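Grab the model, open your viewer and work through these exercises one by one. Try each task yourself before you read its solution.

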Amino acid sequence: MFSCLLLGLLALFFFQSSVSADHQGLSPENLLVITAATEETDGFNRFMRTAREFNYTVRVLGLGEQWKGGDVARTVGGGQKVRWLKAELLKHSDNKDLVVLFVDSYDVIFASGPEELLSKFSRLAHRVVFSAEGFCWPDQRLASKYPEVHSGKRFLNSGGFIGFSTDLSLMIQQWKYKDNDDDQLFYTKIYLDKKQRAKFNMTLDHRSRIFQNLNGAVEEVVLKFERSTVRARNVAFDSLPVIVHGNGPTKLQLNYLGNYVPSAWTFESGCGICDEDLLFFNEAPEEKMPLVYIGVFIEHATPFMEEFLDRLTTLNYPAARLRLFVHNNVVYHEQHIQRFWERHRARFPNARLVGPEENLQENKARAMFVDACKKDPECDYYFSIDSDVALTNPDTLRILIEENKSVIAPMLSKHGKLWSNFWGALSPEGFYSRSEDYIEIVQAKRIGLWNVPYITQAYLMKGSVLRSKLSQVSLYVDEGMDADMVFCRSIRDQGVFMFVSNRDEFGRLVASTNFNTSRLHPDMWQIFDNPLDWKEKYISENYSKIFEDENNFVEQPCPDVYWFPAFSEKMCDHLVETMEHNGQWSGGAHKDERLAGGYENVPTVDIHMNQIEFEKEWLKFLKEYIAPVTEKLYPGYFPKVQLGHQRVAQFRHQREAQSSSTVLCVQAQAIMNFVVRYRPDEQPSLRPHHDSSTFTINVALNSKGIDYEGGGCRFLRYDCQVESPRKGWSFMHPGRLTHYHEGLPTTRGTRYIMVSFVDP
């Protein structure tokens with residue numbers, strides 16, 4: 001009995017010694033990577049990029065051939081790969097020194113180079129090594145036949161294996177099945193046959209030293225940032241796999257890892273692949289620029305519509321190479337479309353406008369517009385943009401085209417929030433899930449091109465991809481699903497990558513939740529929800545120069561009376577029109593029921609801000625735009641503030657990316673805020689008086705010499721008067737004690753001013 005045991009141990013020793021000898025001196029020159037691919041998909045190009053980075057020698061089987069291996073994403077199949085490999089290995093069957101690595105390509109990336117691969121293969125001390133996973137596929141009945149494994153994954157996966165060409169060739173010559181038979185089942189039966197397992201000296205990479213299959217192991221794999229490179233680390237086995245395989249339903253996780261591994265993005269260098277394969281049109285004549293179809297979608301009432309439409313005309317792109325399609329599903333916005341069309345009809349002579357009267361559903365409108373590009377062989381790109389996109393970068397189209405991606409979106413987010421036009425990950429149910437890097441991408445702490453599972457609101461697609469990979473796909477229409485969800489699922493299912501770029505500032509998203517179209521000029525109320533858009537529309541373009549060039553943009557016509565630009569002309573017009581539309585002007589009498597005491601000592605014909613429900617918006621304006629000027633012009637004085645917490649539950653949404661629902665409001669105190677109207681036949685002037693304020697602002701809302709004659713303000717103590725107020729400019733002067741003043745008579749027309757008594 002002892003002698004038999006001794007003989008067995010000696011045999012095992014000599015066998016392992018023989019294997020070790022075979023592995024000695026393994027050289028990258030004797031390594032051949034073989035993969036299979038019928039077309040150069042985005043996944044294939046990613047695979048080849050990582051292979052080139054580590055100087056792997058790759059032989060691709062099947063390019064240009066028709067795939068007959070079945071729908072391997074949903075069921076069994078893949079035998080066609082074995083047939084190709086069988087023929088290829090016959091060419092190398094006599095090369096005893098050649099090591100062959102076979103891997104899939106569409107869902108595989110390399111994380112390290114040939115030296116590490118061969119070193120780990122050598123340490124496993126077997127002639128053939130297959131990757132391992134935690135699921136027994138495709139026949140679970142075979143699970144019990146697998147050898148027991150005390151640590152690691154037990155079951156064979158055929159998406160990656162490595163071995164000497166002589167052994168692999170001999171093993172694969174056994175294939176005699178159909179192209180749509182299952183390749184993994186074929187290899188599994190060989191492995192489970194003890195005689196064959198011993199004959200070919202086969203094992204599995206149980207602890208993911210070489211191969212990392214992600215299916216069933218997503219939670220085990222994290223990014224490990226090393227110096228100028230990134231690895232996928234298996235924390236369960238403390239290993240750094242050389243090859244990462246997104247098998248089964250883990251394609252999106254592989255895409256996430258592929259945004260970093262091996263050097264797509266690092267902390268040291270940032271984006272390592274962003275400048276690859278770029279297109280440039282700097283010197284191209286206009287007539288040679290790509291033809292772009294633009295689909296514009298107005299599916300809900302949206303603030304700042306005029307500005308949105310006008311930005312279409314400021315794109316830095318030849319108008320002759322644009323084809324415009326507009327779907328407006330909102331009756332309220334018909335007026336904006338009409339004005340836009342009247343001004344720019346000549347710029348877009350071939351435009352197609354579809355209004356609410358056609359009752360065309362959103363998903364069908366989107367399908368109709370993208371189909372127009374599909375059917376036109378000259379359509380190079382299709383650009384889709386929704387009305388809640390403020391595309392402030394006029395070079396957006398050129399930038400996206402130059403990135404040379406099948407589908408790409410500019411990164412956009414709501415101002416001051418984490419709500420954006422992309423998702424970094426999906427939940428198991430296919431809805432929003434926050435990826436680990438989402439916040440840093442939105443906040444531009446990581447800048448690059450990001451392969452993501454969901455984009456919306458603005459994106460560019462290649463016409464060639466629409467007419468090939470997506471030609472038979474319904475991109476937007478599926479009963480019971482929103483158009484954006486259908487679109488992204490359809491793109492993912494075809495293996496087309498969707499990228500979002502935050503390499504440039506493109507603009508932002510406009511919030512429309514609280515947009516009330518019952519108001520005459522509803523954009524005026526958007527100072528909280530869309531502060532940047534509100535500023536661009538309603539604040540003077542010269543306002544910021546107050547702080548940059550005080551000498552030229554702040555005047556002092558009288559002692560301690562400052563004059564500076566505040567409102568845009570549009571704000572002046574909208575405020576006047578809103579007041580006239582309200583029409584509840586006071587009679588200019590002392591008795592005034594709007595006031596707490598019911599009496600006004602120095603009455604005017606006016607409308608208070610709270611009468612048009614604009615009080616909190618006005619206080620926000622004072623806090624954001626008047627208080628900073630006050631602190632600059634009156635050093636040492638700080639306007640009083642009142643603190644309050646205002647719930648903003650209306651901002652909540654199932655896709656909201658910001659968890660907090662509380663906003664801290666800090667507002668200047670101003671109880672009296674009103675628009676005054678002066679007319680020769682109504683109230684032409686105002687008698688001398690002090691204001692009930694620490695300081696007063698007085699904004700001219702229309703133009704002298706055009707809208708009225710006369711008017712102005714006289715400060716009696718200084719015998720100083722200002723007779724030509726500029727529209728949109730504000731006076732700021734002390735209220736009590738020193739600046740006794742009067743309103744000079746308006747002799748013709750109607751004069752409007754906006755007055756606030758600040759810090760009463």
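**Exercise 1.** Find which residues glutamate 403 is in contact with, leaving aside its neighbours within four places in sequence.

*Solution.* Start with the list: glutamate 403 is in contact with Cys274, Asp277, Leu278, Ile408, Leu449, Ser501 and Arg503 once neighbours within four places are left aside; contact here means heavy atoms within 4.5 Å. Next, place the residue: glutamate 403 sits in helix α12 (residues 396-403). Helices (H or I, at least four residues) and strands (E, at least two) are DSSP runs, numbered from the N terminus. Then check accessibility: with a relative accessible area of 4%, glutamate 403 is buried. Buried means under 20% relative accessible area, exposed over 50% and partly exposed in between, with a 1.4 Å probe and protein chains only. Finally, look at the side chain of glutamate 403, which makes a polar contact with the side chain of arginine 503 at 3.1 Å. A polar contact is a pair of N or O atoms within 3.5 Å; within protein, one must be able to donate a hydrogen and the other to accept it, and residues adjacent in sequence count only if both atoms are side-chain atoms.

A word on the ground rules: this is a predicted model, where local features need pLDDT of at least 70 and side-chain atom pairs count only at pLDDT 80 or more, while totals for chains, interfaces and linings use all residues. Residues are numbered from 1 along each chain as its sequence is written, and side-chain values use heavy atoms, with hydrogens and water left out.

**Exercise 2.** Work out in what order the eight strands of the mixed sheet are arranged, and which strands stand at its edges.

*Solution.* Walk across the open sheet and you get β16-β15-β14-β17-β25-β19-β26-β23. Two strands pair if DSSP finds at least two bridges between them. At the edges are β16 (352-354) and β23 (449-452); each has a single partner strand, so one side of each is left without a neighbour in the sheet. Neighbouring strands here are turned by 20° against each other on average, direction ignored. Now zoom in on one pair: β17 (residues 381-386) and β25 (residues 458-462) run antiparallel and are joined by five bridges. Within that pair, tyrosine 382 stands opposite methionine 461 in β25. Last, add helix α10 (residues 334-344), which packs on the sheet and touches β14 (292-298), β15 (322-328) and β16. The direction of α10 makes about 160° with that of β15. Axes are lines fitted to C-alpha atoms, for helices over the stretch in contact, and angles run from 0 to 180 degrees between N-to-C directions.

**Exercise 3.** Stay in β25 and decide: is lysine 462 buried or exposed?

*Solution.* Lysine 462 belongs to strand β25, and its relative accessible area of 17% makes it buried. Beyond residues up to four places away in sequence, lysine 462 touches Asp380, Tyr381, Asn404, Lys405 and Ser406. One of these, tyrosine 381, is 81 residues from lysine 462 along the chain, yet their C-alpha atoms are separated by 4.6 Å.

**Exercise 4.** Explain why α6 counts as largely enclosed by the rest of the structure.

*Solution.* Count first: eight of the 10 residues of α6 are buried, so the helix is largely enclosed. Among them are Phe186, Tyr187, Ile190 and Leu192. Then see what the buried residues pack against: α3, β5 (128-133), β6 (155-164), α5 (165-172), α7 (194-199) and β7 (202-205). Take α3 (residues 79-90): it packs against α6 (residues 183-192) at an angle of about 65°, with the axes 7 Å apart. Gly79, Lys81, Val82 and Leu85 of α3 meet Asp183, Phe186 and Tyr187 of α6. To finish, check the N-terminal end of α6, where aspartate 182 acts as a cap: a side-chain oxygen lies 3.1 Å from the backbone nitrogen of glutamine 184.

**Exercise 5.** Say where glutamine 683 lies and what its side chain reaches.

*Solution.* Glutamine 683 is in the loop between β33 (672-678) and β34, and at 12% relative accessibility it counts as buried. The side chain of glutamine 683 reaches the backbone nitrogen of valine 605 at 2.8 Å and the backbone oxygen of serine 685 at 3.3 Å.
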